[in-house]
Amino acid sequence: MAVYGPRHVGGDEAVEGEAVVVAAAAAAAGEKDEGERDDEIERDGEEERKENDGEEAEKEKKDQEDMEDWSETRLAIAELSPISRGKMSSPPPTLPFLSISLLLLQVLDKIGPTMAVLRLDVQRNIERLQELYLLDPSKYSTLTAMVEKEADEGTARKADSCARAVLWLTRSMDFTVALLQRLEDEEGSEHQSLAQLVEAAYKVSLKPWHGWIASAASKIAMKLIPERKVFVGWLVGKDPSHSVLKDDIERLVPLLQPFLVAIHGMLAKFRLDRLKST
């Protein structure tokens, strides 16, 4: 009878088996190292993103704080500068117009209660345009689209129309430009009071379109206008230098006038530029 003893593995086979085990272990270790490296890269990337986000948030906060220190004229310059680079070749945009209108409210507030009636009118007109814009921001991204809608519907001439709101807000801005120009021209002179400057600006901008009721209310309001130095101080903001106001006006007026001319031209196409109040 043949007896079979235990089988002994040859040297070559043992070496091969050990090589396989070592290779597998190395591969596993490599995968682990690679995974750790990936995790480390991901952590570094996340930390970098957080750092960048923090820097952006800090910059945005600083920019916001800087803008809060700006006067209304500087804020208006910031709104109009991008438009001026486009040379007003496209229809007047809605959002910058609303932004400038809101700044106009602040200017009227600084003139004082004498402008209360005009201020209320401006505020209502702004709200009317905002309401229509929010219905479809894409569709009503330009003032032309708003006016055209009402012209097609036959409602553009109604007292509560957005077309009239655009018209009177534009005329109110005409008044603001006329007043700022007179403040600049008269800078350093004590010959004219703020009331005289406001009256002169009113005569060339709003009075031609006001009926007798509005004109009479304006005459009464003129008596409540603050002193010129006080008003100029409010306009200058935190910078006490009047030369800063002069420089800001010189920058603002050339930006604002073409914008207003474009709007007047658009209104004229719809034959809405000659409408008067009562």
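What pattern does the chain follow, read along the sequence? It runs α-α-α-α-α-α-α-α-α-α. That comes to ten helices and zero strands. Before going on, a caution: this is a predicted model, and the values I quote are computed from it.

Some totals for the chain. There are 278 residues, and 37% of them count as buried. If you take contacts between residues at least 6 apart in sequence, 75% join residues at least 24 apart.

Now the core. The largest nonpolar core has 65 residues, and the members that touch the most others are Phe97, Leu129, Phe175, Leu179 and Leu183. Several helices each supply at least two residues of this core: helix 2 (72–85), helix 3 (94–111), helix 4 (116–135), helix 5 (143–153), helix 6 (162–185), helix 7 (194–205), helix 9 (228–236) and helix 10 (242–269). Which of them gives the most to this core? That is helix 6, with 14 residues.

Take Leu129 as one example from that list of core members. Setting aside neighbours within four places in sequence, Leu129 is in contact with Phe97, Leu98, Met146, Cys162, Ala165, Val166 and Leu169. Phe97, one of those partners, is also among the core residues that touch the most other members.

Next, helix 6 itself. Helix 6 has 24 residues and spans 34 Å from its first C-alpha to its last, close to the 34 Å expected at 1.5 Å a residue. Is the helix mostly covered or mostly uncovered? Mostly covered: 20 of its 24 residues are buried.

One residue to look at there is Ala178, which lies in helix 6. Ala178 counts as buried because its relative accessible area is 6%, and the cut-off for buried is under 20%. Leaving out neighbours within four places in sequence, Ala178 is in contact with Ala201 and Val204. On the backbone, the C-alpha atoms of Ala178 and Ser205 are separated by 7.4 Å, although the two residues are 27 apart along the chain.

On to the empty space, starting with what is enclosed. How many cavities of 30 Å³ or more does the structure hold? One. The largest cavity has a volume of about 120 Å³. Twelve residues line this cavity, and the closest to its centre are Ala76, Ile100, Leu103, Thr176 and Leu252. Helix 2, helix 3, helix 6 and helix 10 are the elements that give two or more residues to the lining. Helix 3 gives the most, with four residues. By class, the cavity lining has nine nonpolar, two polar and one charged residues.

Then the largest pocket, with a volume of about 680 Å³. Its lining is made up of 28 residues, and those nearest the pocket centre are Val117, Leu118, Asp121, His210 and Ala214. The elements giving two or more residues here are helix 4, helix 6, helix 7 and helix 8 (212–221). Which helix provides the largest share of this lining? Helix 4 does, with eight residues. The pocket lining divides into 17 nonpolar, seven polar and four charged residues.

To pull one thread together: helix 6 gives the most to the largest nonpolar core. Helix 6 also gives two or more residues to the lining of the largest cavity, and two or more to that of the largest pocket.

Key. Residues numbered from 1 in each chain as written. Predicted model: local features only at pLDDT ≥ 70, side-chain atom pairs only at ≥ 80, totals over all residues. Heavy atoms only, no water. Core = buried A, V, L, I, M, F, W, Y, C linked by side-chain atoms within 4.5 Å. Buried < 20%, exposed > 50% of the residue type's maximum accessible area, 1.4 Å probe, protein only. Contact = heavy atoms within 4.5 Å. 1 Å grid on protein atoms, 1.4 Å probe; cavity = no way out; pocket = protein on both sides within 12 Å on 5 of 7 lines; lining within 4 Å. Points joined across faces, edges and corners; volume = space filled by probe spheres on them. Nonpolar A, V, L, I, M, F, W, Y, C, P; charged D, E, K, R; others polar. Expected span 1.5 Å × (residues − 1).
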